[in-house]
2 protein chains.
Amino acid sequence: MSRETLNVALAMGPGVASRIFSAGHLESLPAGLRLLNHEPMEEFSSRRSLALLAETDILLTGWNCAKVNATVLDAAPRLRHILHAGGTVKNHVDSACWARGVQVSSAAEANAIPVAEYTLAMILLANKRVLQIAGTLHREKAPVEPDGLFPDMGNYGKRVGIIAASKIGRHVIRLLKPFELEVVVADPFLTEADAQALGVASVELEELMESSDVVSLHAPALPSTLNLVNAGLIALMRTGTTFINTARGELVDQEALLARLERGELFAVLDVTTPWVLPPDSRFYSNPNVLLTPHLAGSLGTELERLAATALAEAQRISRGEPLRFPVQDEDLAFTA
Amino acid sequence: MSRETLNVALAMGPGVASRIFSAGHLESLPAGLRLLNHEPMEEFSSRRSLALLAETDILLTGWNCAKVNATVLDAAPRLRHILHAGGTVKNHVDSACWARGVQVSSAAEANAIPVAEYTLAMILLANKRVLQIAGTLHREKAPVEPDGLFPDMGNYGKRVGIIAASKIGRHVIRLLKPFELEVVVADPFLTEADAQALGVASVELEELMESSDVVSLHAPALPSTLNLVNAGLIALMRTGTTFINTARGELVDQEALLARLERGELFAVLDVTTPWVLPPDSRFYSNPNVLLTPHLAGSLGTELERLAATALAEAQRISRGEPLRFPVQDEDLAFTA
């Protein structure tokens, strides 16, 4: 069956295209696709944008894309697909899109991968106490007996607790498969069948906190998850536990966490905090049991190219008449970050 | 088919048993196996040892085991298997063992796993420049734009170069499978068919050095590999490359490496150096582009239990009439660490 060529138009904020498309990425679109504009639309109201929209079958969007509302859809009678080369579509895709039968896809899965990779690396280092021992060696410049410092060190016979079987949480679980670590998950929406399919044990959050050697937080930031990891839960962690947060500072009682860190009872790897940028006098900076990173676990640098590659692969599926791999429905938005 | 019960005897240096057997490990040996001694033999000449050897079918050895030579074998007429709960058997298994038909097994595969895990974590952090950026954040206590510091950061579209498809090198290759990284291997003994089976590209060492974003060394320490990574090869690495050494300092020209580190051209993660313990004034300690760890990548802490579990699993296979999973032949010793 022969298909007509589909017109792809780009729409995203200033400077985004050069970050998500590597050299040559747009030069050769797959067969059956034609790129209408190398310069992305930054709004949908100019004469140029209206002319492009009139011809667009597939809108490939990036961060800071203008809102695709009913007026924009009126100007785009051929539009059938919006493919987002980014995580959330909340900010630019209007309910009107689904109402008119436009299919939406996002690269949220691809966006989850780097966070899971960061988390995996930190879990492996935490169980082995690598960064603590490296710190001691660099400071003391003298022989260090690693298991003299930490007799419990090692990636064997340890329990990793994953809070929330979210997209990122599930990628972490997938990446933990090759290791001899026990993985437990706390998620009120995770069914027993789902847990079995994931190969993990489903436990209550309290049990996860008190029994895990490493706790990693992967819940979405929603009104219902604010302060999810409260002081009572933080108190449950055993001495020596490592707490990893790549989600949001607002999900964790920062003061309760800091108090236990300052008593030397916990370790923490924090890619996110509250406030988002810590003041210079924050005790998180100077605590020797804390590794801080500046919101770098998500897609950055070359990883942004994966977002564009994911959206372009969706376009290729459409041109072949295949279903979207990462469809997003209107009703999904309430449950995701 | 019913089998007789086989007698297992322990032999290793002082203090080793308590490190490799977790509580209860020895209380319940699998069916068909009987433990002769909870207190390991530390030599093979005492009256107690001779009495034990006379009854021993399987010798389960650990670090600092006394040499099993022809005299010991004379005292152990039933001995058919030596199972080592450690890496190399070079130090305690004599050629006489194989000559008399005693089968030998080692936990070198299990011992390789933690090194590969450490390497994987360091590769993921290196590509993302995580520790460099964390260092900047902790030092400056101010907002940091990660990809402003390192535009090339990311675990996507990067090349990892593995020097030597050794046991550890192959475990690293296995662990790298789930990631979107290109893996190339330099190993003069790796056939094209082997490389294909491993899913990697086989390249010359020079090409590996000059084209990889991360170079990780996994060659065994042999007379032929001394100074393998010489000054000429070190000069080939591009600016920004991370060099990981978990093998031996002697395989690398330390001065040439340090010179490029001090020019800020390379990053290094060094679990091993020459000398084995660096003097307090070593510039490796203070170079901001170096992460030093004190020989902790190998099995330590709870990971030692994996060595004992591996040897006990071999004993179980023997009791079931199954072949050894990790047999060691006399002629293997020349090619391994």
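# Exercises on a predicted two-chain model

Val8(A) stands opposite Leu35(A) in β2(A). The structure is a predicted model, and the exercises below begin with the sheet that holds this pair.

## Exercise 1. The sheet of chain A

Determine how β1 and β2 of chain A pair, in what order the strands of their sheet stand, and which strands form its edges.

Solution.

1. Start from the pair Val8(A) and Leu35(A), which stand opposite each other. Strand β1(A) covers residues 6-11, and its pairing with β2(A) is parallel, over three bridges.
2. Extend the view to the whole sheet. In chain A the order is β2-β1-β3-β4-β5-β13; the sheet is open, has six strands and shows mixed pairing.
3. Identify the edges. These are β2 (33-35) and β13 (327-328) of chain A, each of which pairs on one side only.
4. Add the helix that covers the strands. Helix α14 of chain A, residues 303-319, lies across β1, β2, β3 (58-61), β4 (81-84) and β5 (103-106), and runs at about 155° to β4(A).

## Exercise 2. The sheet of chain B

Describe the sheet of chain B, and state which residue stands opposite Ile58(B).

Solution.

1. Read the strand order. Chain B has an open sheet of six strands, ordered β2-β1-β3-β4-β5-β13, with mixed pairing.
2. Consider the edges. In chain B, β2 (33-35) and β13 (327-328) each have a single partner strand, so one side of each is without a neighbour in the sheet.
3. Look within the sheet. Strands β3 (residues 58-61) and β4 (residues 81-84) of chain B run parallel and are joined by four bridges. The residue opposite Ile58(B) is His81(B) in β4(B).
4. Place the helix. α14(B) packs on this sheet and touches β1 (6-11), β2, β3, β4 and β5 (103-106) of chain B, with a direction at about 155° to that of β4(B).

## Exercise 3. Two partners of helix α5 within a chain

Classify the packing of α5(B) with α14(B) and of α5(A) with α8(A) by angle, and give the handedness of each crossing.

Solution.

1. Two packed helices are described by the angle between their axes and the distance between the axes.
2. Take the pair in chain B. The axes of α5(B) and α14(B) are 8 Å apart, at an angle of about 150°. Angles over 145 degrees count as roughly antiparallel, and α5(B) and α14(B) are therefore roughly antiparallel to each other. The crossing is right-handed.
3. List the residues of this contact. Ala110(B), Asn111(B), Ile113(B), Pro114(B) and Glu117(B) of α5(B) meet Glu303(B), Arg306(B), Leu307(B) and Thr310(B) of α14(B). By class there are four nonpolar, two polar and three charged residues.
4. Take the pair in chain A. α5(A) packs with α8(A), residues 167-176, at about 50°, the axes being 8 Å apart. These helices are therefore oblique to each other, and their crossing is right-handed.
5. Name some residues of this second contact. Among them are Ala112(A), Ala116(A) and Leu120(A) of α5(A), and Ile168(A), Val172(A) and Leu175(A) of α8(A). The contact of α5(A) with α8(A) divides into 11 nonpolar, two polar and four charged residues.

## Exercise 4. The relation between the chains

Establish what kind of axis relates chain A to chain B, and describe how α5(A) meets α5(B).

Solution.

1. Superpose the copies. A turn of 180° with a shift of 0.0 Å along the axis lays chain A on chain B with an RMSD of 0.1 Å. The two copies are thus related as by a two-fold rotation axis.
2. Locate the axis. In chain A, the C-alpha nearest to the axis belongs to Ala121(A), at 2.1 Å.
3. Compare the surfaces. 100% of the interface residues of chain A are also interface residues in chain B, so the copies meet through the same surface.
4. Examine the helices. The axes of α5(A) and α5(B), residues 108-128 in each chain, come within 9 Å and cross at roughly 135°, which makes α5(A) oblique to α5(B). The crossing is left-handed.
5. Identify the contact. The residues include Pro114(A), Ala121(A) and Leu125(A) from α5(A), and Pro114(B), Ala121(B) and Leu125(B) from α5(B). By class, this contact has 12 nonpolar, no polar and four charged residues.

## Exercise 5. Backbone details

State where the cis peptide bonds before Pro275(A) and Pro275(B) lie.

Solution.

1. In chain A, the cis bond joins Thr274(A) and Pro275(A), with omega about 0°. Pro275(A) is in the loop between β11 (267-270) and α13 (283-286) of chain A.
2. In chain B, the cis bond joins Thr274(B) and Pro275(B), with omega about -5°. Pro275(B) is in the loop between β11 (267-270) and α13 (283-286) of chain B.

Methods. Residues numbered from 1 in each chain as written. Chains lettered and ligands numbered in written order. Predicted model: local features only at pLDDT ≥ 70, side-chain atom pairs only at ≥ 80, totals over all residues. Heavy atoms only, no water. Least-squares fit on C-alpha atoms with pLDDT ≥ 70 in both. Contact = heavy atoms within 4.5 Å. Axes fitted to C-alpha atoms, helices over the stretch in contact; angles between N-to-C directions. Helix = DSSP H or I, 4+ residues; strand = E, 2+ residues; numbered from the N terminus. Parallel < 35°, antiparallel > 145°, perpendicular 65-115°, else oblique. Left-handed = near helix turned anticlockwise from the far one by under 90°. Nonpolar A, V, L, I, M, F, W, Y, C, P; charged D, E, K, R; others polar. Pairing = 2+ DSSP bridges.
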